[in-house]
Amino acid sequence: MKARALIADDEPRLAQNLRDRLAALWPELEILPLAANGIDALRAVTEDEPDVAFLDIRMPGLTGIELARRIDTRTHIVFVTAFDQYAVEAFDRDVVDYLLKPVTDERLARCVERLRAKLADAQKPPALDEMLAKLARALPAATGRLRWVRASKGELVQQIAVDDVLYFQASDKYTCVMTRAGESLIRMPLAELAVQLDAEVFWQIHRGTVVNMHEVEATRRDLGGRVFVKLKDGKTELPVSRAYAHLFKPL
């Protein structure tokens with residue numbers, strides 16, 4: 001069966017360069033459309049289930065580390081990073097490979113050789129939790145995330161702490177902000193807002209819903225296999241689409 005790969009990088013020229021060189025070194029590899037941010041990459045991984053994902057460590061929406069935490073164990077991860085040798089000491093190539101920018105042909109060829117061997121042997125990708133935690137500690141701190149939003153409720157414009165939000169929901173060109181105090185509106189599409197949130201806390205669970213995981217009390221699965229999250233407010237239950245249901249698999 002033909003192997004498939006995803007390249008996720010917010011620098012288009014570097015992503016295209018990696019794509020071209022991969023195509024030359026691994027002609028039979030099917031390369032999916034490039035993903036320019038972590039949200040698009042997560043969607044591509046859940047929908048297309050690539051065998052390999054080349055992830056830039058620093059991306060908007062979700063970083064490569066945050067994305068790797070959410071990827072099911074079917075996909076082999078290769079991190080692409082501009083950070084120096086000090087940072088990449090966190091890597092164990094037997095667990096996950098990495099490429100340093102600028103990527104050399106020799107280094108990429110060795111990476112491709114290892115990936116081919118793993119796929120030929122039908123090796124399952126290993127659990128990455130320990131390595132990802134080590135990597136997160138080794139890298140410079142991420143840039144700050146959105147902490148406040150200004151949302152309209154009637155004639156009032158409210159300053160709402162992001163930590164107080166239960167969930168965000170898409171509404172045409174607006175986004176509904178749901179708190180215990182009720183519903184407000186932001187004049188911004190959900191996709192544009194989501195990339196400014198802390199992806200460790202705010203999880204996309206549906207095409208039009210991003211939930212504050214600190215406010216999730218439990219999940220349930222109905223007889224049809226659909227997953228729902230129940231919030232701590234005691235009354236709200238939100239559907240989880242199939243593309244994101246794997247995030248709530250029992251550990």
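Here is a short chat about the sheets, helices and an aromatic pair in this predicted model.

Visitor: Let's start with the parallel sheet: which strands stand at its edges?
Guide: Five strands form this open sheet, in the order β2-β1-β3-β4-β5, with parallel pairing. Two of these strands have a single partner strand each, so one side of each is left without a neighbour in the sheet. Those edge strands are β2 (30-31) and β5 (97-100).

Visitor: Which residue in β2 stands opposite Ala 5?
Guide: Strand β1 (residues 4-8) and β2 run parallel and are joined by two bridges. Opposite Ala 5, in β2, stands Ile 31.

Visitor: Which strands does α1 touch where it packs on the sheet?
Guide: The direction of α1 makes about 155° with that of β1. As α1 packs on the sheet, the strands it touches are β1, β2, β3 (52-56), β4 (76-81) and β5.

Visitor: And α5, at what angle does it run to β5?
Guide: Helix α5 covers residues 105-120. This helix lies across β3, β4 and β5. Its angle to β5 is about 165°.

Visitor: How do α1 and α5 sit relative to each other: oblique or perpendicular?
Guide: Helix α1 (residues 12-25) packs with α5 at an angle of about 60°, and the axes are 11 Å apart. An angle of 65 to 115 degrees would count as roughly perpendicular, and about 60° falls outside that range. The two helices are therefore oblique.

Visitor: How many charged residues are in the contact of α1 with α5?
Guide: On the α1 side the contact is made by Leu 18, Arg 21, Leu 22 and Leu 25. From α5 come Asp 105, Leu 108, Ala 109, Val 112 and Arg 116. Sorted by type, the contact has six nonpolar residues and no polar ones, and the number of charged residues is three.

Visitor: Over to the antiparallel sheet: which of its strands are at the edges?
Guide: This one is an open sheet of three strands in the order β13-β14-β15, and the twist averages 25° from one strand to the next. Two strands have a single partner each, so one side of each lacks a neighbour in the sheet. They are β13 and β15 (237-240).

Visitor: In the hairpin of β13 and β14, which turn residue has a positive phi?
Guide: Strands β13 (residues 216-221) and β14 (residues 227-231) pair over five bridges, and in β14 the partner of Arg 220 is Phe 228. Five residues lie between the two strands. The turn residue with a positive phi, about 85°, is Gly 225.

Visitor: What is the bridge partner of Lys 230 in β15?
Guide: Four bridges pair β14 with β15 in the antiparallel sense. In β15, the partner of Lys 230 is Glu 237.

Visitor: What about the hairpin of β6 and β7: which residue takes a positive phi there?
Guide: Strands β6 (residues 148-153) and β7 (residues 156-161) are antiparallel and pair over six bridges, with Ser 152 bridged to Val 157 in β7. Two residues lie between the strands. The residue with a positive phi, near 65°, is Gly 154.

Visitor: Is the pair of Phe 168 and Phe 202 stacked or tilted?
Guide: The model holds two aromatic pairs, and this one links distant parts of the chain, with Phe 168 in β8 (residues 167-171) and Phe 202 in β11 (residues 202-206), 34 residues apart. The rings are 5.7 Å centre to centre, with 50° between the planes. Planes under 30 degrees apart count as stacked, whereas this pair is tilted.

Key:
Residues are numbered from 1 along each chain as its sequence is written. This is a predicted model: local features need pLDDT of at least 70, side-chain atom pairs count only at pLDDT 80 or more; totals for chains, interfaces and linings use all residues. Side-chain values use heavy atoms; hydrogens and water are left out. Axes are lines fitted to C-alpha atoms, for helices over the stretch in contact, and angles run from 0 to 180 degrees between N-to-C directions. Angles under 35 degrees count as roughly parallel, over 145 as roughly antiparallel, 65 to 115 as roughly perpendicular and the rest as oblique. Contact means heavy atoms within 4.5 Å. Ala, Val, Leu, Ile, Met, Phe, Trp, Tyr, Cys and Pro count as nonpolar, Asp, Glu, Lys and Arg as charged, and the others, Gly among them, as polar. Two strands pair if DSSP finds at least two bridges between them. Rings of Phe, Tyr and Trp (its six-membered ring) pair if their centres lie within 6.5 Å; planes under 30 degrees apart count as stacked, over 60 as edge-to-face and the rest as tilted.
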